[in-house]
Amino acid sequence: MDEKVYNEVKTKIGQNFKRFREQKDLSLREVEALTGIGFSWIAKFEKGEVNFGMETLLKLASGLKIYIKDLTDFQHGFLE
């Protein structure tokens with residue numbers, strides 16, 4: 001996978017997370033308290049600016065009480 005595609009996927013996942021966070025009316029500080037992940041890292045995550053692994057995705061999804069698949073549910077050209 002090339003870097004452009006990788007960055008786009010990270011951005012889409014971050015955008016999905018932000019959408020769910022805002023739907024639940026949670027601040028970054030509140031998500032930090034729920035997940036143990038720093039609010040500044042979460043802000044960068046929502047913009048697609050940081051790398052992350054499955055453990056982090058699991059913590060973030062658990063904190064919002066959503067499924068990991070909810071974060072990765074998007075259309076991308078290479079998947080079609």
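Me: At what distance does the side chain of Asn-16 reach the backbone oxygen of Leu-71?
Reply: Happy to start there, with the reminder that this is a predicted model. Asn-16 belongs to helix α1, which covers residues 3–23. Its side chain reaches the backbone oxygen of Leu-71, and a pair of N or O atoms has to lie within 3.5 Å to count as a polar contact. The computed distance for Asn-16 and Leu-71 is 2.9 Å.

Me: Which residues does Asn-16 touch, not counting residues up to four places away in sequence?
Reply: Good follow-up, as Leu-71 turns up here too. Contact means heavy atoms within 4.5 Å. With that cut-off, Asn-16 touches Asp-70, Leu-71, Thr-72, Asp-73 and Phe-74.

Me: Is Asn-16 buried or exposed?
Reply: The cut-off to keep in mind is that buried means under 20% relative accessible area. Asn-16 has 9% relative accessibility, so Asn-16 counts as buried.

Me: How far apart are the C-alpha atoms of Asn-16 and Glu-46?
Reply: Let's place Glu-46 before answering: this residue is found in helix α3, residues 39–46. Asn-16, in contrast, sits in helix α1. Along the chain, Asn-16 and Glu-46 are 30 residues apart, and their C-alpha atoms are separated by 8.0 Å.

Me: Which side chain is joined to that of Glu-46 by a polar contact of 2.6 Å?
Reply: Glu-46 has 7% relative accessibility, so Glu-46 counts as buried. Not counting residues up to four places away in sequence, Glu-46 touches several residues, among them Thr-11, Gly-14, Phe-17 and Leu-28. The polar contact of 2.6 Å, side chain to side chain, is with Arg-21.

Me: How far apart are the mean positions of the positive and negative charges of the protein chain?
Reply: Let's count the charges before locating them. The protein chain has 13 positive and 13 negative charges. Their mean positions are separated by 3 Å.

Me: What is the radius of gyration of the protein chain?
Reply: Some context helps: the chain has five helices and zero strands, in the order α-α-α-α-α. For 80 residues the globule rule gives 12 Å, and the chain comes close to that, so it is as compact as a globular protein of that length. The radius of gyration is 12 Å.

Me: What share of the contacts with a separation of 6 or more comes from residues 24 or more positions apart?
Reply: For the wider picture, the C-alpha trace spans about 35 × 20 × 20 Å along its principal axes. Buried residues make up 36% of the 80 residues. As for those contacts, residues 24 or more positions apart account for 60%.

Note on methods. Residues numbered from 1 in each chain as written. Predicted model: local features only at pLDDT ≥ 70, side-chain atom pairs only at ≥ 80, totals over all residues. Heavy atoms only, no water. Helix = DSSP H or I, 4+ residues; strand = E, 2+ residues; numbered from the N terminus. Rg over C-alpha atoms; globule rule 2.2 N^0.38 Å. Buried < 20%, exposed > 50% of the residue type's maximum accessible area, 1.4 Å probe, protein only. Lys, Arg positive; Asp, Glu negative; His and termini not counted. Charge placed at Lys NZ, Arg CZ, Asp CG, Glu CD. Polar contact = N/O pair within 3.5 Å; in protein donor to acceptor, adjacent residues only side chain to side chain.
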